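Work through the exercises below with the sequence and the structure side by side. Each task is followed by a solution that goes step by step.

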Amino acid sequence: MGTGLKRNRSRGGQALVMATVSLFLMMGVMSLAVDLGWGYLRRDVAQTAADAAASAVIKAAVTSSPSSQSCGSNNVWCGTPAGTATSCPTTAPTSPVTSFDYGCMLAAANGFTPNGSSRTVTIQANTTSPAPAVPGTTVTYWATVKISENATPFFGSPTGGSLLSSTAVSTAAITSPATAVHGPCLYLLATSGAALTVGNGAHVTTSSCGIYVNSSASNAITVIGATITSSSVKVVGGVSLSNGGTISPTPVTGVSAVADPFSTLPSQTAAGSCNSGNFGTWQATPYTPAPGTYCGMNVSNGVSAVLSTGIYIINGGTFSVAGGSTVTASGVMIYLTNGATVSIANGANVTMSAETSGTYEGILFYQDRSLTSPGSSSFSGGATMHLSGSLYFPHASLYFDNGNNAQTEAIIASSIDFQGGATLNQATSQSQTGLVVSTPAVTSIIE
Amino acid sequence: MPRNSDRSGSVMLEFTLTAVPLIFANVSLVWMCLGMWQYHTLAEAVNFTARIAAVHGAGCAGQTCATTADSTAKLLAARALGISAGQLNVTLTSSASTITCNPLSTCYGNTAAWPSLAGNTSGTDITITATYNFSSPISLWSPGNGVQQFNAVTLGANSKQAVAF
C-alpha cells in the first residue's frame, strides 16, 4: 500500500513537469522571434542613420562651398589622405564645422555614437568621380557612411557572442554641380495702383529674368500700345492691356506678394557737412569727386566727371546728370537720403557700375528706405546710359523713357513708368546686382 | 491494488489532457514565430531592394550601376534569408513598365532595365510588391477535419519609393 501510494504521488507531477518544459520551449521560441525582430529593427534604424549622416556630409559641403568642392577647403572634408575611412569620435560634435562633423552629428542624433567596442561609425569622402561604390556615375563630391553594430539581444545570445550583428552603408553625393537659377530682376513693391506702366510704344525686355508686381489693383500692370517680354511675369492683382499692348508670357495673376529683396540692407548716415557737388563750369579735365557726402550733385551739359570708387551720399537735392554731360563711375554706390532723387537727362553719357563686393555689392543707387514718400526719379539717358547694378528705390516711383542700353541691372522700386524701351539682363552672379543668384547643387543618396 | 490501477488511469488521463494542448500550443507557437520571422524578413528585403533601385535610378541609366530585373531579383532573393525564391512572387513596377516575376527565380537572367528608361526619372515612384505562401501545419491539429493539407497563408510586402538619383 505504502509503495503504491508513493508511486501515485510521483506520477501526479507529470503535468507540472510537462508544463514547465513547454514553458521553456515557448520562452525560447518567443525570445528568438523577439530578438530577430529586434535585429531587423536595429538594421533599419542603422540604415536610416547612415542615410541621414551621408546626406548631412554632402549638404554641409554644398552649404559651405556651393559652387565647387575642394578637399580641405571651405570645410569640405575628405580625410587624410583623401578618401580614407575615418571613425567618428565617441563624443558627438555639438558645434560642427566640417562636413565630417555634420555627418557624425547626424549619426549620433539618430542614435549611433561609436562606443569603442560594439558600435562603429566611419565616414569616407572624396571629390573623385565616380564614387567607388557606384561605378559609372559622375559626381563632384561623395561620402560613404558605414555603421556597424553588435546589438545586445533582449534574451541574450546562446553563444554569448554577438547574435545581432548588423551593418548599414549609405553613400550620398553631389550628382549635379551648381547651376545658376535666376529670379526676377524687376520688383515693384507698391501694394496698390498701377505699379508697372508701359506705354508709348515702349518695348520692355527682361527675357532672362522675371518681373514681380506686388500691387493688388486690377490694373497693377498697365500696358498701353507697348510690349513686355520677360521670362516670367507675376502679379498680385490684375493686368490691363489696351491699344494693342502685349505681355509675353501671359502674366500669372493672384500670386502672393514678394518681400523686398534688400530689406536687410543697412542704411548710410550722412556726414554733418557737405562736399561741393556742383560741376557746372567747363574744364579741360574731368571733375574727380571723391566718395563722401554731397548736398546734391549736378553735372552740367558738356562737363565730364569721373567718380572714384566708393559710396556717395546725396544728402538732399538731386543727383543730376544733364544732357551732353559725361559721368563715369566704377564700383560706386549712390546713396540718396533726405529727399534726394535722381535725374539723368536725355543724351547724358552715363557709364556707372556698382561695387562688386562688400555689403553693398551690386547696388548702384540706394534710396533711403526711411523716406516713405520720396519724389520720383527719372532715368532718361537713352542709348548712352549704361547702368550696371541695382536701382533700389523701395518707396519711390521711377520714370524711364528714351530707352536704355541693354545692361545687367535690376530695378526694385515702388512703381515704374516706362515710356521708352528698356532691356534688363539677368545677373550671372550676386556681385552684379546684389540679388542672390541661387546656385543649388543637386544631391542624392546614390547607394 | 485496485486503487492503484484507478490512479494509473487518472495519470494517463492527466497526461492526455495536458499533453495534447501543450504540444498543440508549442507547435503552433513555433510556426507562428516562423511565420512572423518570414513576414519581417520579406518586408525588410523588399524595402531594402526598393531603396537600392531608387538610388540607382536616373543617374545610373545606361551606366554600369544601373539596375536590371535580374540584379533586382537576385538582390531580393539574397536579402530574403530563409524564403525560397521559387515560392516568392514579385512584381516590379515603375511608371513605364511592370515586370512580373512569378516566381522570383524566373527573373534571374532577365537583363531588362528596371526601372525602365522611360519611367526612370528622379521623383517618379517605383514599387516592389511581393507575396509568399507560408504553409503551416497548424491545421493538422484541428480535430474532426479528416485529411488536411497544410493551409497556406499569403504573406505580403510592398515598398514604394521615389527614384532619388
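## Exercise 1: a residue and its core

Task: Find which residues A:Ala53 is in contact with, leaving aside its neighbours within four places in sequence, and then place A:Ala53 in a nonpolar core.

Solution: Begin with the contacts in this predicted model, where A:Ala53 is in contact with A:Gly103, A:Leu106, A:Ala107 and A:Val145, once the neighbours within four places in sequence are left aside. Next, turn to the largest nonpolar core, which has 79 residues and in which A:Ala53, A:Val57, A:Ile58 and A:Ala107 are those with the most contacts. The largest share of this core comes from α2(A), which gives 12 residues. Finally, look for a second, separate core, which has 77 residues, among them A:Phe319, A:Val327, A:Ile344 and A:Phe400.

## Exercise 2: a sheet and a helix across it

Task: Work out in what order the strands of the open sheet of five strands in chain A are arranged, and which strands helix α3 of chain A lies across.

Solution: Following the open sheet from one end, the order is β1-β2-β3-β4-β30 of chain A, and the pairing is antiparallel. Because β1 (86-87) and β30 of chain A stand at the edges with a single partner strand each, one side of each is left without a neighbour in the sheet. Then consider strand β2 (residues 119-126) and strand β3 (residues 141-151) of chain A, which run antiparallel and are joined by eight bridges. As an example of such pairing, A:Ile123 has A:Val145 in β3(A) as its bridge partner. The last step is to add helix α3 (residues 99-109) of chain A, which lies across β1, β2 and β3 of chain A and runs at about 150° to β2(A).

## Exercise 3: where two chains touch

Task: Determine how many residues each chain brings to the contact between chain A and chain B, and which element gives the most to the side of chain A.

Solution: Counting by chain, the contact takes 28 residues from chain A and 25 residues from chain B. On the side of chain A that touches chain B, the elements that give two or more residues are α1 (2-11), α2 (14-64) and β30 (442-445) of chain A. Of these, α2(A) gives the most, with 15 residues. Sorted by kind, the residues on this side of chain A divide into 15 nonpolar, 10 polar and three charged.

## Exercise 4: the whole chain

Task: Describe chain A through its secondary structure and its buried residues.

Solution: The secondary structure of chain A comes to four helices and 30 strands, and buried residues make up 44% of its 447 residues.

Terms used:
Residues numbered from 1 in each chain as written. Chains lettered and ligands numbered in written order. Predicted model: local features only at pLDDT ≥ 70, side-chain atom pairs only at ≥ 80, totals over all residues. Contact = placed C-beta atoms within 7 Å. Nonpolar A, V, L, I, M, F, W, Y, C, P; charged D, E, K, R; others polar. Core = buried A, V, L, I, M, F, W, Y, C linked by C-beta atoms within 7 Å. Buried ≥ 20, exposed ≤ 12 C-beta atoms within 10 Å, placed from the backbone. Pairing = 2+ DSSP bridges. Axes fitted to C-alpha atoms, helices over the stretch in contact; angles between N-to-C directions.
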